Amino acid sequence: MGTTVDRKTRCDLIALFQQYFPAWIATILAALTSAGVLVTFIALSALFFIWLERKVAARIQDRLGPTRVGGRFGWLQTLADGIKLLTKEDTIPTQADRFLFTLAPIIAFCSAFAAFIVLPFSPYLVGFSLSTGAFFILAVLSSEVFGVILAGYASASKWSLFGAIREAAQVVSYEVPRALCVLIPIMLAGSLDLTKIAQQQSGGMWNWFIFHDPFTYIAFFIFFICATASCKRAPFDLAEAESELVAGFHTEYSGLRWSFFFMAEYGSMFAVSAIAVILFLGGWHSGVLPSDTEVLFGPIIGSLINMFVYIVMKCWLLIFVMMWLRWSLPRLRIDQVMMTCLQYFLPISAVLLLGATTWQLFAPIWMRVWVPYLLFAATILGVMTLIGMLARRPTLTLAGELPGVWLGRSTPFMRAKS
Amino acid sequence: MARALDSIHASKVMTTQWVLFIIVSVWIVMATLGVVFSHQIIRAAVNLLFGLIGISLLYFLLGAEYLGAAQLIIYVGGTMVLVVFGIMLTSQDGLSQPRPKWLEWAFGLFIAISIFGMIVYASINAIHRPIADQTNSLPGITPLGQSFLGVQDADSQESNHRHYLFPFEIVSVHLLVVLVGAAYLARSKRSRKNTPKVDPDV
């Protein structure tokens, strides 16, 4: 991946390859290398997320999940799935539009992939540093809906068409509050450059933009919900509601083409989580260490630590929350989904933007100093309470007795027996 | 070695910019021809999508990152989604092939030739040709935003520093009116009690 901190201390891959090749070959080689690294990263994280999704779903539903393939925890279950997918018959319905049918998964994957081009994993690790990175990411992620619409249309199946229509309506609506929430940290940072936005959140955790003021605190949650909806994850997965539309837009797909849709879904999940991390959750800053890792460990090791420890761990945490939501909440109805967006999220995010602007202009200095600490402390307290509640042993009821508020009473079956 | 590379760069014989420009141009031309020659309207829309993506790539190639991203978010993410959505909702038969009459042919030909002539005339007589600038002299979008808001840059005391606060405000108020109007329309439909409830299946 190319490195651009600022344009003076640029020591990127193009310069590296230019020592051995002519300029144009060097550029192409650098581009291919970055693209290869990114595609491998997306594919490997998709493998991991599918395994994680199964495990999380299983734990939430009181099961074990995959246990056999690849040792104790079923590590290699996704690999086995992949081999199965590769050997599947590749079917295209006879009524389908062949060209668009084959094109749709590629469009979906390409737009999820394009978001990773400008995503900074550390100040030194950026595929290509754009000065308008945040805007670019929003633009390419919004074109992912095209893959879904075309897939639904080209399949010549009513289930697919219904799924595509729902998806189009949902994604186009949720883009608006999502963009308004992204605008708030951009306004605080005064830059569209993702690297610069993340660099302004160094130091303690209370310097992160989520704790900047009460408005950004709410904006983070609104953004996260809108991002979940735009990744068409449950409870917003109306596009592939399997209980009513078979599998929605990918009903007619199988094999490798189908897996492209899943790579796109997990890729865009990681992309929106990374945007949330960079805009609100401090980017590659640990929030604990006294100074940046690049300063402590040198640029190369520091960048790797930044990428794998901070960005990836924070993103995994957010993706885990997405999975947690998916397996805990029931699916909304499509009119509820639209109403949530247009009647609640749109006005709320507009008010948040105005509120953050007002705060930036008029908040007295003591409020600016103390509110971040206050919000930070409240969050820590809330998280500790949550962990404490999760760590508590579940209350077990004896056989033949009712749980909860009916504790101590026997079940109807036992009563009938006695 | 480095000097030789610089001379290659300067002579613009075979730079990466040039190669990429050729590739993107061929892409745009192919996609646009596809719009004209495809019989199905959905194919034409998809080709138009590729043409618009190619144009945004051209902007990125010229270093106009903001314009490229705006092209993507407005045309690809917004307009084209609506176009395809409209086609999906209106066309009875997705594979229908419209057969234009001779008057429509003549009218379309007239418009096409006049627009093509205008573009050719403008590009031949252009005073400021777009020159790709890969050095770090690109100002970014900060000056643009500042002149939209009428903020005078302290460093540059240029006499021709323009402000666009007034057109910017007009556009903002226009967009606000559109938003309020859309909300009003959506609301008045819902509040009527006699209309049947919206089918939750679709």
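A residue counts as exposed if 12 or fewer other C-beta atoms lie within 10 Å of its own, and as buried if there are 20 or more. Between those limits, a residue is partly exposed. That rule comes up several times in this report on a predicted model.

**Two loop residues with positive phi**

Start with D62(A). With 6 C-beta neighbours inside 10 Å, D62(A) counts as exposed. D62(A) sits in the loop between α2 and α3 (77-87) of chain A. Its place is just after α2(A). D62(A) is not a glycine, yet its phi is positive, at about 65 degrees.

Now take K232(A). This residue also is not a glycine, and its phi is positive, near 45 degrees. K232(A) belongs to the loop between α9 and α10 of chain A. Is K232(A) buried or exposed? K232(A) has 25 other C-beta atoms within 10 Å, so it is buried.

**Confidence in the model**

The model scores ipTM 0.75 and pTM 0.80. In chain A the mean pLDDT is 82, and 95% of the residues reach 70 or more. Residues 1-11 of chain A have a pLDDT below 50. This stretch still has 25 contacts in the model beyond near neighbours in sequence.

Chain B has a mean pLDDT of 73, and 67% of its residues reach 70 or more. Over residues 1-13 of chain B, the pLDDT is below 50. That stretch has 7 contacts in the model, again beyond near neighbours in sequence. Which element of chain B has the lowest mean pLDDT, and which the highest? Helix α1 (residues 2-11) of chain B has the lowest, at 46. Helix α5 (residues 102-124) of chain B has the highest, at 88.

**Two helices of chain A**

The table sets out helices α2 and α12 of chain A.

| Helix | Residues | Number of residues | End-to-end C-alpha distance | Expected span |
|---|---|---|---|---|
| α2(A) | 23-60 | 38 residues | 54 Å | 56 Å |
| α12(A) | 299-328 | 30 residues | 41 Å | 44 Å |

For α2(A), the reach is close to the value expected at 1.5 Å a residue. For α12(A), the distance between the end C-alpha atoms agrees with the expected span. Even so, α12(A) has a kink of about 30 degrees, centred on V312(A).

Which residues of α2(A) are buried? They are A26(A), T27(A), A30(A), S34(A), I42(A), S45(A), A46(A), F49(A), W51(A) and E53(A). An α-helix has 3.6 residues a turn, so residues three or four places apart point the same way. Look for that spacing as you read along a helix.

In α12(A), the buried residues include S303(A), N306(A), Y310(A), I311(A) and K314(A). C315(A), I319(A), M322(A) and M323(A) are buried too. What covers the buried residues of α12(A)? The cover includes α2, α9 (214-230), α10 (255-279) and α11 (293-297) of chain A.

L38(A) is another residue to find in helix α2 of chain A. L38(A) is partly exposed, because 19 other C-beta atoms lie within 10 Å and the buried class begins at 20. Setting aside neighbours within four places in sequence, L38(A) is in contact with F113(A), F116(A) and G127(A). Take the pair L38(A) and F113(A): they are 75 residues apart along the chain, but their C-alpha atoms are separated by 7.8 Å.

**Chain B**

Chain B has 7 helices and 0 strands. From the N terminus on, its elements run α-α-α-α-α-α-α. Of its 202 residues, 12% are buried. Among contacts in chain B between residues at least 6 apart in sequence, 49% join residues at least 24 apart.

V36(B) lies in helix α2 (residues 16-37) of chain B. Why does V36(B) count as exposed? It has 10 C-beta neighbours inside 10 Å, and the limit for exposed is 12 or fewer. V36(B) and I119(B) are 83 residues apart in sequence and 18 Å apart in space, C-alpha to C-alpha.

**Where the chains meet**

Two packed helices are described by the angle between their axes and the distance between the axes. Helix α7 (residues 158-189) of chain A packs with helix α4 (residues 65-90) of chain B at an angle of about 145 degrees. The axes of these helices are 11 Å apart. The crossing of α7(A) past α4(B) is left-handed. On α7(A), the contact is made by L161(A), I165(A), A168(A) and V172(A). On α4(B), V81(B), F85(B) and M88(B) take part.

Methods
Residues are numbered from 1 along each chain as its sequence is written. Chains are lettered from A and ligands numbered from 1 in the order in which they are written. This is a predicted model: local features need pLDDT of at least 70, side-chain atom pairs count only at pLDDT 80 or more; totals for chains, interfaces and linings use all residues. pLDDT is the predictor's confidence in each residue, from 0 to 100. Two residues are in contact if their C-beta atoms, placed from the backbone, lie within 7 Å. Helices (H or I, at least four residues) and strands (E, at least two) are DSSP runs, numbered from the N terminus. The expected span of a helix is 1.5 Å times one less than its number of residues. The bend at a residue is the angle between axes fitted to the seven residues ending there and the seven starting there. Axes are lines fitted to C-alpha atoms, for helices over the stretch in contact, and angles run from 0 to 180 degrees between N-to-C directions. A crossing is left-handed if the near helix is turned anticlockwise from the far one by less than a right angle, and right-handed if clockwise.
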